[in-house]
Amino acid sequence: MNDVPKTLNFRKRSAQAVQDGTLRQAMRTATDTFTEKRSQGVASLPIEAWRDQASEIKIGVLDDLHNYVDRFAASATRAGAVVHRAPDAASARDIVYNVLKDHGAKRIVKAKSMVTEEIHLNRHLEERGMKVVETDLGEYIVQIAEESPSHILAPAIHKNRQQIGRLFADKLGVEYSEDPEVLTGIAREVLRQEFLSADAGITGANFAVAGTGSIAMFTNEGNGRMVTTLPKLHIAVLTIEKIVPTLADLMTFIRLLPRSATGQPLSSYLSVITGTRRPGDATGAEALHIVLVDNGRSQIAAGEFRDILKCIRCSACMNVCPVYRTVGGHAYGSTYPGPMGIILTVLLEGMEHAHNLLDATTLCGACADVCPVRVPIPHLLRELRKLRVKEGFTPSLERMAMAGFGMAVQSPRLFGLGDRMVKAAWPVATFLGGKGVLDRLPKPAKNTAGRRKS
């Protein structure tokens, strides 16, 4: 569905990532902070009841998804928006480009949108002579670094302030500084000029309300409001599972999303946009185009893995995942990293392309414990692993090894024999092929739990 290489190579990327001490420190610091703030943010609140309610709302929408899409489109049209349906990534890109071309727009500012990353929109527009500037600070950093986001909430989570200081000095021609306030001030000055000169703004949306045709956006930097109010043209690109039935239902997610993402009771800015600028309004887009992207969602909604479409992109599962916390987002090589990203990428891009992402999980269950909409992530991962084996994407040597292990654990005698063989072969195995893999694992214990000497 996307313009991607034939096969992702998580094992190679992750082996490289664990050798990067700076990356691991940056990841540990950031994810520890997010996780601690989330724990504090949900303390002493009826969080479990809210999770149940949110899950029920999302399931209700998925049960009748196409009807909700039609209702949203009709409501948004009545409010003054122009609604477009995009069955796949290519059509979504073409729709956005044609709208911009029809309005004579050449300079575009964007507020963070993962679906535009998914459909590779920026590259498509830039190849056609348009200038596209990301205005979320993290997105701006990775854009000028010519990288992709490493985290769906904090795109530059993998960089420390020294790296950002060097990047700004190199790309923007400013004096080097590693002071976060100075660096933020530099970005603010550059981006303000982009806001004021932009012909159009492009955003995503966290939610879309079927009853009113509204789109809701959570931001912490204010850039979302600049993008949606200063340019005359606003294009919102969102996927169809973002729809909720009513504004009352939206309130449930307003309680959950910021707390799950950053521990905040509410994001600094919550924008609910319904239609275009009205007579007497001081700001707001004169033209609003909403692009509803399917790109495989209808197919997923009709299948056994549809619960992944309940995901509200809070990133809580990523922040607690021991794999993501170790290797970072770029190791996945996909738009969506982390536990939910594994599932979504395999479903959207196919098992042939993304099967080795299924190695990127310990199945520890921490992701399910924090998911605000109760996506059964470990269950979905296990079922996809079964499907990978069934479809023949597991190497034959690995299948044989796992079959042998299955036999051994059912027999104390075989297990004991295997234990002795591993201990004997371990030094040779790590010497011949263990660099970056086996040498990172603990050495076999001299005495196993069942054979310890008294």
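What follows is a chat between a biologist and a modeller about this predicted model.

Biologist: Hi! Which sheet of 6 strands do we have here, and in what order do the strands sit?
Modeller: Hello! That one is an open sheet, and its strands come in the order 1-10-7-4-2-3 with parallel pairing.

Biologist: Which strands are at the edges?
Modeller: Strand 1, residues 82–86, and strand 3, residues 131–134, are the edge strands, so to speak: each of them pairs on one side only.

Biologist: And by how much are neighbouring strands turned against each other?
Modeller: On average by 20° in this sheet, with direction ignored.

Biologist: Let's stay with strand 10. How many bridges join it to strand 7?
Modeller: There are 7 bridges between strand 7 (residues 233–239) and strand 10 (residues 287–293), and the two run parallel. To find the pairing on your screen, look for V237, whose bridge partner in strand 10 is V291. Another pair to look for is T239 with V293 in strand 10.

Biologist: What about strand 1 and strand 10, how many bridges there?
Modeller: Those two pair over 5 bridges, again in the parallel sense. V83 stands opposite I290 of strand 10.

Biologist: Is strand 10 largely enclosed or exposed?
Modeller: Largely enclosed by the rest of the structure, because 7 of its 7 residues are buried. Both faces are covered. On one side the buried residues are A287, H289, V291 and V293, and on the other they are L288, I290 and L292.

Biologist: Nice. New topic: how many residues are in the largest nonpolar core?
Modeller: It has 106 residues. The ones with the most contacts inside that core are F72, F207, I215, I290, I308 and Y332. I290 is a residue we have already met, on the covered strand 10.

Biologist: Pick I215 for me. What does I215 touch?
Modeller: Setting aside residues up to four places away in sequence, I215 touches F72, A205, F207, A208, H234, A236, L238, S271, V272, I273 and I290. There is also a second, separate core of 24 residues, which includes A86, A89, V99 and L233.

Biologist: I can see another sheet, with 4 strands. In what order do they come?
Modeller: The order is 8-5-6-9. It is an open sheet too, and its pairing is mixed. Strand 8 (243–244) and strand 9 (269–273) are the edge strands, each pairing on one side only.

Biologist: How do strand 6 and strand 9 run?
Modeller: They run antiparallel, with 5 bridges joining strand 6, residues 214–219, to strand 9. For one example, the bridge partner of F218 in strand 9 is L270.

Biologist: How many cavities does a search of the whole structure find?
Modeller: It finds 2 cavities of 30 Å³ or more. The largest cavity holds about 100 Å³ of space. It is lined by 15 residues, and those closest to its centre are C311, C314, C317, M340 and C371.

Biologist: Which residues is S260 in contact with?
Modeller: Leaving aside its neighbours within four places in sequence, S260 is in contact with R38, C314, A316 and P372. C314 was on the cavity list a moment ago. S260 itself is in helix 12, residues 247–261, and S260 is buried, with a relative accessible area of 3%.

Biologist: Now backbones. Which sign does phi have in most residues other than glycine?
Modeller: In most of them phi is negative. Here S44 has a positive phi of about 60°, although S44 is not a glycine. R313 also has a positive phi, near 60°.

Biologist: Where do I find S44 and R313?
Modeller: S44 lies in the loop between helix 2 (21–42) and helix 3 (47–63). R313 is in the loop between helix 13 (297–301) and helix 14 (316–320).

Biologist: Is S44 buried or exposed?
Modeller: S44 counts as exposed, because its relative accessibility is 82%. R313, at 13% relative accessibility, counts as buried.

Biologist: Last one: where is A408, and what does A408 touch?
Modeller: A408 is in helix 20, residues 396–408. Not counting residues up to four places away in sequence, A408 touches L414 and F415. A408 counts as buried, at 16% relative accessibility. From A408 to H379 is 25 Å in space, C-alpha to C-alpha, and the two are 29 residues apart in sequence.

Terms used: Residues numbered from 1 in each chain as written. Predicted model: local features only at pLDDT ≥ 70, side-chain atom pairs only at ≥ 80, totals over all residues. Heavy atoms only, no water. Core = buried A, V, L, I, M, F, W, Y, C linked by side-chain atoms within 4.5 Å. Buried < 20%, exposed > 50% of the residue type's maximum accessible area, 1.4 Å probe, protein only. Contact = heavy atoms within 4.5 Å. Pairing = 2+ DSSP bridges. Axes fitted to C-alpha atoms, helices over the stretch in contact; angles between N-to-C directions. 1 Å grid on protein atoms, 1.4 Å probe; cavity = no way out; pocket = protein on both sides within 12 Å on 5 of 7 lines; lining within 4 Å. Points joined across faces, edges and corners; volume = space filled by probe spheres on them.
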